[in-house]
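Have a look at the model below. Some short questions and answers follow, to be read with the structure in view.

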Amino acid sequence: MTPLSSPLSKAPTGILGLDDITGGGLPRGRPTLVCGGPGCGKTLLAMEFLVRGATRFAEPGVFMAFEEGDQELAENVASLGFDLAQLVHDRQLLVDRVEIDRTEMEASGEFDLEALFIRIGHALDAIGAKRLVLDTIEVLFAGLPNPILVRAELHRLFRWLKDRGVTAVVTGERGDGSLTRQGLEEYVSDCVIALDHRVSNLVATRRLRVVKYRGSTHGTNEYPFIIDADGIAVLPITALGLAHEAPTERVSSGIPRLDAMLAGGGFYRGSSILVSGTAGTGKTTLATHFADAACRRGERVLFFAFEESPRQIERNQRSVGIDLVPWVDQGLLQFSAQRPTFQGLEMHLTAMHKAIHRFQPHNVVVDPLNSFISPGNEIEVKAMLMRLVDHLKVQGITGYFTSLTAGGSPVDQTDTAISSLIDTWLMLLAMESGGERNRSLSILKSRGMAHSNQMREFLITDQGVVLRDVYVGPGGVLTGSARLSQEAEEEAARLVRRQEIERQQRELERQRARLEARIAELRGEFLAQEAETLGLIAREEAREKALRQGRDAMARSRQADDATGGAHELAP
Amino acid sequence: MNSPHDAGQAPTPSPVPSPAGTEQWLLRLYVAGQTPRSVLAFANLRQICEEHLAGCYQIEVIDLQAQPELAREDQILAIPTLVRALPEPVRRIIGDLSHTERVLVGLDLKPRA
């Protein structure tokens, strides 16, 4: 809710969430009606308005208690951590118990409530109060005769309060078909807040609605709220737009190989991650890896466990080599474990909202998300998750959710329904084959990164989670022993092939040796023949030479003058 | 008036003996300034006391505008309010006391019907 620039001045209540819905608080200087059935938290809301006013906004307040005594009131709100006695001592709070006992009061003739005006005025002046609570002023109708007169006096009272400029909260009991039994809403027309305490499916949920707020925009939905040790917390549901930041920083999943699959860096900070899988596929283990990695980086992790107790998670994770206890001891890891059936969805959400507000974590793990789902409430669960995811994103908190999918259907309806809210969706599957169940992990989607499309076998060892390549072959995807046996078969086949190659290589060598031997032999023969032929040539040349020498010698001895002429003569 | 003790029946003779002379009565009338209604209430009270408590009563008129803190201390809401401080137990009657019968019942000067 973006507070519009409104000329109406507002007095912040300091109640978690309520100021968001009302765009800044209750109308300053005017009365606000808070109505609801018995036990819906009217008195508490009114008291918190005063306590916060006194402690945070330096606006002392007066509590006019028409129903409960000082002691009773102090005890009731002490459980919320409000120390009324101290505030009263510091003159920040004044509690005036208005006792009306109809039985000891007789009426005779006309009267007015001027004494109540004086009383309130005196109390306001005594501590310089800026705030006032009248709880529950309708008691006057039961305590005093002549309701017409009381009505007229109340009308005058509210006008008088406006004139005094005191920011007042007036509580009223819900009536049949009207907001309050006595129609107080007719007098208090500036701001009306209705509280409700409904039970559906055996689970009680408190809700708050701003019925009207004159001169101001306000959230008109019913907002769940809780009352716990810190007071009231209202959860604004759909006040958030899609304007959250988109950090580019990456955070590790705690498993190096998975980080590698996620474009080498892990998840985006502030993104929402869903791990869905069938029973026993290691969702919690994967989540604790993430938590462990975050704690190693020195970040705070808030772990909402809806199935296992923190001790059980610690023990189980120790068996896979993750020790969470030191992180808990260092205050980096906080568990919040509750049964999903403990309270309604809205209340869980509000409680989670509040725990996040208190612990200010960097990362939030919800394990598992869908333990809330019962037949027929998928839409509500989606709405709840959407609000949670929105809230985490606005806060820049990385959200890690696990979701149990029903066996047989790999992606159940709820997962599909919430898919649009999820940035990175991991799927764990149990693959049944060869008498084994083996786990596989794949990334269904991961917005904004080039993620791996490969399926990995997911092994949980005593050193934590290990991802391995799966065997993908003509026989399909094989995991576990099937993968091992397939790998062994392949190894054997490879061995056979290698031996065959070696044999052929040896054969080739032999052929080469044979060939070379023959080449050598032929070359030998050739050389021999060559040598013989050369010898023949040499001998022939030698003979020719010798012949010529003999002829020359003869010619010389004959003193032939001309070798040529002589040769002619000598020719036969 | 829609009180359960609404007097419609005839006043019965009082079985309570007049306490005059035996006890001292202290009556406080809370008002807020001099309004016609408080003046009327005081006049009505004086008349009733003279009739039933002659000589043994004391009326204190408390103006809450002058002493606003007493509104809280004495648990006063309506104006005028008559409080029988003595004798015990404390009784309260609100209004201008124009209905004498109701005042007498309220002060235990007459049994409740």
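Q: Which strand of chain B does strand β1 join through five bridges, running antiparallel?
A: This is a predicted model. In it, β1 of chain B covers residues 25-31. B:Leu26 stands opposite B:Leu86. The antiparallel partner, at residues 81-86, is β3 of chain B.

Q: Which strands stand at the edges of the sheet that holds β1(B)?
A: The sheet is open and has five strands, in the order β6(A)-β4(B)-β3(B)-β1(B)-β2(B). Each edge strand has a single partner, so one side of each is left without a neighbour in the sheet. The edge strands are β6 (105-107) of chain A and β2 of chain B.

Q: What angle does helix α1 of chain B make with β1(B)?
A: The strands themselves twist by an average of 25 degrees from one to the next. Helix α1, residues 36-52, packs on this sheet and touches β1, β2 and β3 of chain B. Its direction and that of β1(B) make an angle of about 165 degrees.

Q: What pattern of helices and strands does chain B follow along its sequence?
A: Chain B has three helices and four strands. Read along the sequence, they give β-α-β-α-β-β-α.

Q: Is B:Leu64 buried or exposed?
A: B:Leu64 is found in the loop between β2 (57-63) and α2 (69-73) of chain B. Its contacts include A:Ala115 and A:Ile118, along with B:Tyr30 and B:Ile76. A residue counts as buried if 20 or more other C-beta atoms lie within 10 Å. B:Leu64 has 24 within 10 Å, so B:Leu64 is buried.

Q: Which helix gives the most residues to the largest nonpolar core?
A: This core has 159 residues. A:Ala115, A:Leu132, A:Val234 and A:Val365 touch the most other members. The helix that gives the most, with eight residues, is α2 (residues 42-56) of chain A.

Q: How many strands form the open sheet that runs from β17 to β23 in chain A?
A: The order is β17-β16-β18-β19-β15-β20-β21-β22-β23, and the pairing is mixed. At the edges, β17 (333-337) and β23 (464-469) each have a single partner strand, so one side of each is left without a neighbour in the sheet. The twist averages 20 degrees from one strand to the next. The number of strands is nine.

Q: What is the bridge partner of A:Val364 in β19(A)?
A: Strands β18 (residues 363-367) and β19 (residues 398-404) of chain A pair in the parallel sense over four bridges. Helix α9 (residues 283-296) of chain A lies across several strands, including these two. In β19(A), the partner of A:Val364 is A:Gly399.

Q: How many of the 79 residues of α15(A) are buried?
A: Helix α15 covers residues 480-558 of chain A. From first C-alpha to last it reaches 114 Å, close to the 117 Å expected at 1.5 Å a residue. The helix is hardly covered. The count of buried residues is two.

Q: In chain A, where is confidence lowest among the helices and strands?
A: Chain A averages a pLDDT of 82, and 88% of the residues score at least 70. Confidence is highest in helix α5 (residues 114-127) of chain A, at a mean of 92. Where pLDDT is low, the predicted coordinates should not be read in detail. Confidence is lowest, at a mean of 50, in helix α16 (residues 563-570) of chain A.

How values were computed:
Residues are numbered from 1 along each chain as its sequence is written. Chains are lettered from A and ligands numbered from 1 in the order in which they are written. This is a predicted model: local features need pLDDT of at least 70, side-chain atom pairs count only at pLDDT 80 or more; totals for chains, interfaces and linings use all residues. pLDDT is the predictor's confidence in each residue, from 0 to 100. Two strands pair if DSSP finds at least two bridges between them. Axes are lines fitted to C-alpha atoms, for helices over the stretch in contact, and angles run from 0 to 180 degrees between N-to-C directions. Two residues are in contact if their C-beta atoms, placed from the backbone, lie within 7 Å. The expected span of a helix is 1.5 Å times one less than its number of residues. A residue is buried if 20 or more other C-beta atoms lie within 10 Å of its own, exposed if 12 or fewer, and partly exposed in between; C-beta atoms are placed from the backbone. A nonpolar core is a set of buried Ala, Val, Leu, Ile, Met, Phe, Trp, Tyr and Cys residues joined through C-beta atoms within 7 Å. Lists of a residue's contacts leave out its neighbours within four places in sequence.
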